[in-house]
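Visitor: I should like to learn how to read the features of a protein model. May we work through one together?

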Amino acid sequence: MSSKRQRSESSESEAEEASNSQCQTRSRSRSVVHSHSKRARRSQTEEINAFPDNISEEDEEVENEEIVAEGIENTRLKKKSATGATAESGVIESIELVNFMCHKFLKVPFGPKINFIIGHNGSGKSAILTGITVCLGGKANVTNRASNLKSLIREGSNVAQITIKLRNRGEDAFNQDIYGDSIIIERRISSDGSNKYKIKTHDGKKTVSEKREELNAILDHMAIQVDNPINVLSQDTARQFLHSSSAEDKYKFFMKGTQLTQLSEDYELIRESIETTQNIIKYKKEVVPELLKEAKEAEERYKDMQKARELELNVASFKNQMAWAQVEEKEQEVIEAERNSQRAMRRLPNLQAKLDEEETEFDEINTVVLDLEQKYHDLTNLSINPLKERKNELNSLIRDKTRQLNELKACLKQDVEKHQQRIDEETQKLKDVNRQK
């Protein structure tokens, strides 16, 4: 009984060790088929993008065969040269488990090639493989250890965390300028059912992304498939495959493990893309004459629009010139008005002097009149008719002189006001023109 139990424990340990070994050496176990699939996808995509107008289906098939053959040969030579070498990318350097399954805290560094993990039953060997699967995006049911992720949290804890450090060196490195020589993938699982990823740089100080799409891109670039039994083989899957699987299941296992299924799907997708592209090219060739006609009409319309645009620019230029001409004309009018005002101002002192003289003469006449009136009273017995006539003449002269003085004052005042009003109007027009500009 004891011997049988020891054999069972040994078988379980070997299965787990083989699974971990396969997970660590997945970069070195990339198949020629997968490389061929990636090269074929790239080649077909490049061919579609550079699809010429006059290519025939026969030439296309020959070119595709040459590209595929070249891809297979390059992959074979590359794999042959890399045989026995240590993978520079896609290798798990270490894993850290915190409150995950039976482990409160466990950190396991891995070697560059094969790693063996040994221990008693229930010591947590399978938890390491489960942590690798879960951290790299696998679902809980894939591990055959739990139906949901929160069941993997250690009893008594609310949060579990798995951290994996992937090697990221060499020519196959993924965004090495961003991540560095290693990529740290961290997955945090909460008891409320939520979980999130953090993808960090080699030193863990900077989080580059928290999106599942970035993790998928990394896994696709490094050819890591946690649901592929060639990469991760659990005990239950190995037991089921060896003891209870049918020939059909084994064939499906082989197709999935060698990625021939994926290659077939990719090939079908590429074929559909080529057919779609050929139909599009055929349709485009049919509508090219009409498009050329429309392009010619559009070109003519464009030329007309350019001419209209030039006319608009000329009109705008002429408007500016007209505005400046009006400004210049108004400036000349203002200058002329200022000159007239200055002339009027120069005449004003002379007129004022003349006015003063007339007022003085008026005062003298008034004095004469007063003297005559006094003489009149003194000479009451004399004949007054000549004096009255003289008085009337003097009064008439005084009225005339007074009227002339008043008219002269009014005329001068009107001239001054008129020139001042014109100066104000021209000044306001200049301000309006400058404001409009």
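Visitor: Where is the place of Phe 116?

Guide: Please bear in mind that this model is predicted. Phe 116 lies in the loop that runs between strand 2 and helix 4.

Visitor: Is Phe 116 buried or exposed?

Guide: A residue counts as exposed when its relative accessible area is over 50%. Phe 116 has a relative accessible area of 61%, so it is exposed.

Visitor: Which residues make the nonpolar surface patch?

Guide: Ile 114, Phe 116 and Ile 118 make this patch, which covers about 390 Å².

Visitor: How should one read the strands of a sheet, and what order do they have here?

Guide: Strands of a sheet pair through backbone hydrogen bonds, in either a parallel or an antiparallel manner. Here, six strands form an open sheet in the order 2-1-3-4-5-6, and their pairing is antiparallel.

Visitor: Why is one side of strand 2 and of strand 6 left without a neighbour in the sheet?

Guide: Strand 2 (103-109) and strand 6 (207-209) stand at the edges, and each has a single partner strand, so one side of each lacks a neighbour in the sheet. On average, neighbouring strands of this sheet are turned by 25° against each other, direction ignored.

Visitor: How many bridges join strand 5 to strand 6?

Guide: Two bridges join strand 5 (residues 195-200) to strand 6, and the two strands run antiparallel. Lys 200 stands opposite Thr 207 in strand 6.

Visitor: Which strands does helix 6 touch?

Guide: Helix 6 (residues 212-221) packs on the sheet and touches strand 3, strand 4, strand 5 and strand 6. The direction of helix 6 makes about 55° with that of strand 5.

Notes:
Residues numbered from 1 in each chain as written. Predicted model: local features only at pLDDT ≥ 70, side-chain atom pairs only at ≥ 80, totals over all residues. Heavy atoms only, no water. Pairing = 2+ DSSP bridges. Helix = DSSP H or I, 4+ residues; strand = E, 2+ residues; numbered from the N terminus. Axes fitted to C-alpha atoms, helices over the stretch in contact; angles between N-to-C directions. Contact = heavy atoms within 4.5 Å. Patch = residues over 30% accessible without salt bridge, like charges linked within 9 Å, V, L, I, M, F, W, Y side chains within 5 Å. Areas by Shrake-Rupley, 256 points an atom, 1.4 Å probe, with all protein chains shown as cover. Salt bridge = Lys/Arg side-chain N within 4 Å of Asp/Glu carboxyl O. Buried < 20%, exposed > 50% of the residue type's maximum accessible area, 1.4 Å probe, protein only.
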